[in-house]
Amino acid sequence: MKNLILLAAFILFGISCNTATETKETPEAKITTITYKVEGMTCSGCENSVTSTLAAISGVDSVAASHVDSTVYVSFDANSVADADLIKAIEAKGYAVNGKL
Ligand SMILES: [Cu+2]
């Protein structure tokens with residue numbers, strides 16, 4: 001009988017441990033929008049290059065680039081991707097990020 005109580009205690013302990021891990025909260029999306037000042041875009045091809053590069057990054061929601069205004073608007077989940085990574089990706093394409101609007 002004592003063994004049975006011990007066994008029951010172990011089972012209960014196991015169940016409570018499982019529920020503890022299952023109810024772990026997943027972080028909610030923290031949608032952030034930034035408009036970068038980007039130098040070096042001269043045509044719609046440049047806009048497409050920047051747009052497709054950023055859109056391919058996980059966590060990026062939407063992108064709008066304009067070579068006329070020298071701006072790149074990005075909407076993203078700040079819990080998935082960092083602002084600095086977006087800047088790095090733009091600069092890796094050969095354009096210069098000159099701050100934000
Ligand atoms: Cu171009």
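The questions and replies below deal with a predicted model of one chain.

Me: How are residues numbered, and what pLDDT do local features need?
Reply: Residues are counted from 1 along each chain as its sequence is written. In this predicted model, totals for chains, interfaces and linings use all residues, side-chain atom pairs count only at pLDDT 80 or more, and local features need pLDDT of at least 70.

Me: In what order do the helices and strands of the chain run?
Reply: Helices (H or I, at least four residues) and strands (E, at least two) are DSSP runs, numbered from the N terminus. The chain has three helices and four strands. From the N terminus on, their order is α-β-α-β-β-α-β.

Me: What is the order of the strands in the sheet?
Reply: Two strands pair if DSSP finds at least two bridges between them. β1 and β3 run antiparallel and are joined by seven bridges, while β2 and β3 pair in the antiparallel sense over six bridges. β1 also pairs with β4 (residues 96-100), again antiparallel, over three bridges. The four strands form an open sheet in the order β2-β3-β1-β4.

Me: Which strands are the edge strands?
Reply: In the open sheet, the order is β2-β3-β1-β4. An edge strand here pairs on one side only, and the edge strands are β2 and β4.

Me: Which residue in β3 stands opposite Thr32, and which opposite Tyr36?
Reply: β1 and β3 are antiparallel. Thr32 stands opposite Phe76, and the bridge partner of Tyr36 is Val72.

Me: Which residues of β3 make up its covered face?
Reply: In a regular strand the side chains alternate between the two faces of the sheet. The uncovered face of β3 holds Thr71, Tyr73, Ser75 and Asp77. Its covered face is Val72, Val74 and Phe76.

Me: Which element gives the most to the largest nonpolar core?
Reply: A nonpolar core is a set of buried Ala, Val, Leu, Ile, Met, Phe, Trp, Tyr and Cys residues joined through C-beta atoms within 7 Å. The largest one has 13 residues, and Val38, Val50, Val72, Val74 and Ile90 have the most contacts inside it. The elements giving two or more residues to this core are β1 (31-39), α2 (44-55), β2 (60-66), β3 (71-77) and α3 (83-92). With three residues, the element that gives the most is β3.

Me: Which residues are in contact with Val74, leaving aside neighbours within four places in sequence?
Reply: Two residues are in contact if their C-beta atoms, placed from the backbone, lie within 7 Å. Val74 is on the covered face of β3. Its contacts are Thr33, Ile34, Leu54, Val60, Val63 and Leu86.

Me: Is Thr51 buried, exposed or partly exposed?
Reply: A residue is buried if 20 or more other C-beta atoms lie within 10 Å of its own, exposed if 12 or fewer, and partly exposed in between, with C-beta atoms placed from the backbone. Thr51 lies in helix α2. Because Thr51 has 18 other C-beta atoms within 10 Å, the class is partly exposed.

Me: How far apart in space are Thr51 and Ala64?
Reply: Not counting residues up to four places away in sequence, Thr51 touches Val63 and Ala65. Thr51 and Ala64 are 13 residues apart in sequence. From C-alpha to C-alpha, their distance in space is 6.5 Å.

Me: Which residue takes a positive phi in the hairpin of β2 and β3?
Reply: The hairpin has four residues between the strands. The phi in question is near 55°, and the residue is Ser70.
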